[in-house]
Amino acid sequence: EELDIKNWNAALLKNYDVLILGIRAFNVNPEMGIINKDIWKFVENGGLVINQYNTNRGLLTNEIAPFDLKLGSGRISEEDAKLKILFPNHPVFNTPNKISEKDFENWVQERGLYFADSWDKNLVPLLEGNDVGESPKQGILLAGKYGKGTYVYTGLSFFRELPAGVSGAYKLWMNVLALEA
């Protein structure tokens with residue numbers, strides 16, 4: 001269900017367990033700098049927020065997470081670049097689907113973009129990767145507790161992989177959606 005940001009009402013969030021913020025939400029919606037406090041309260045009270053990539057330039061607010069999170073311009077443009085799972089026992093790689101390196105095969109166009117450069121100690125970097133000849137990046141997929149809930153930032157290109165029918169991306173996306181608050 002798509003919420004109408006122009007007619008925002010924080011009470012709407014009590015009807016949901018998960019809130020997915022679309023790509024570049026903090027780049028194109030001036031309202032995000034106002035309603036973000038409601039979103040962080042939603043997480044604090046037990047919700048799951050999945051924040052998909054935003055560009056580091058043109059942010060309409062620097063508060064894109066309930067704690068410190070700074071974006072860079074890092075990306076992995078090689079769709080077959082190796083991704084290393086940093087915490088194999090983390091739920092994002094195990095529930096409901098077991099994720100392995102095989103699930104990163106057959107991705108299209110790129111791995112992701114606008115990864116985080118720095119983040120609060122409560123956020124856990126879950127993947128590491130890089131294009132050939134570049135240094136490893138870890139701000140690809142971050143997850144952390146905030147109050148009773150969970151906040152996720154992902155620069156992974158789910159917006160390309162899901163429409164392309166990439167099965168491993170679907171499995172991982174379902175696991176992100178299933179993260180316990």
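In which sense do β8 and strand β10 (residues 141-146) pair, and over how many bridges? In this predicted model, the two strands pair in the antiparallel sense, and three bridges join them. The legends below begin with this pair and then move on to other views.

**View 1. Strands β8 and β10 pair in the antiparallel sense.** Strands of a sheet pair through backbone hydrogen bonds, and the pairing can be either parallel or antiparallel. Among the residues to look for in this close-up is Leu123, whose bridge partner in β10 is Gly144. Pro125 can be located in a similar way, since its bridge partner in β10 is Leu142.

**View 2. Strands β10 and β11 form a hairpin.** The two strands run antiparallel and are joined by six bridges, while two residues lie between them in the hairpin. In the turn sits Gly147, which has a positive phi of about 60°. Following the bridges, the reader can find Tyr146, which stands opposite Gly149 in β11.

**View 3. Five strands form an open sheet with mixed pairing.** Read across the sheet, the order of the strands is β1-β2-β11-β10-β8. The edges are taken by β1 and β8 (123-125), and each of them has a single partner strand, so one side of each is left without a neighbour in the sheet. On average, and with direction ignored, neighbouring strands of this sheet are turned by 15° against each other.

**View 4. Helix α4 (residues 167-177) packs on the sheet.** The strands that this helix touches are β1, β2 (48-52) and β11 (149-154). When the direction of helix α4 is set against that of β2, the two make an angle of about 140°.

**View 5. The largest pocket holds about 390 Å³ of space.** Of the 18 residues that line this pocket, Glu2, Leu3, Leu19, Ile20 and Leu21 are the closest to its centre. Rolling a probe the size of a water molecule over the atoms shows where empty space is left.

**View 6. Strand β1 gives the most to the lining of the largest pocket.** The contribution of β1 is four residues, and both β1 (18-21) and α2 (32-44) supply at least two residues each to the lining. Sorted by class, the lining has 13 nonpolar residues, together with two polar and three charged ones. Strand β1 is also found in the sheet of View 3, where it stands at an edge.

How values were computed:
Residues are numbered from 1 along each chain as its sequence is written. This is a predicted model: local features need pLDDT of at least 70, side-chain atom pairs count only at pLDDT 80 or more; totals for chains, interfaces and linings use all residues. Side-chain values use heavy atoms; hydrogens and water are left out. On a 1 Å grid over the protein atoms alone, a cavity is a set of points where a 1.4 Å probe fits but cannot get out, and a pocket is an open set with protein on both sides within 12 Å along at least five of seven lines; lining residues have an atom within 4 Å of a point. Grid points are joined across faces, edges and corners, and a volume is the space filled by probe spheres set on the points. Ala, Val, Leu, Ile, Met, Phe, Trp, Tyr, Cys and Pro count as nonpolar, Asp, Glu, Lys and Arg as charged, and the others, Gly among them, as polar. Two strands pair if DSSP finds at least two bridges between them. Axes are lines fitted to C-alpha atoms, for helices over the stretch in contact, and angles run from 0 to 180 degrees between N-to-C directions. Contact means heavy atoms within 4.5 Å.
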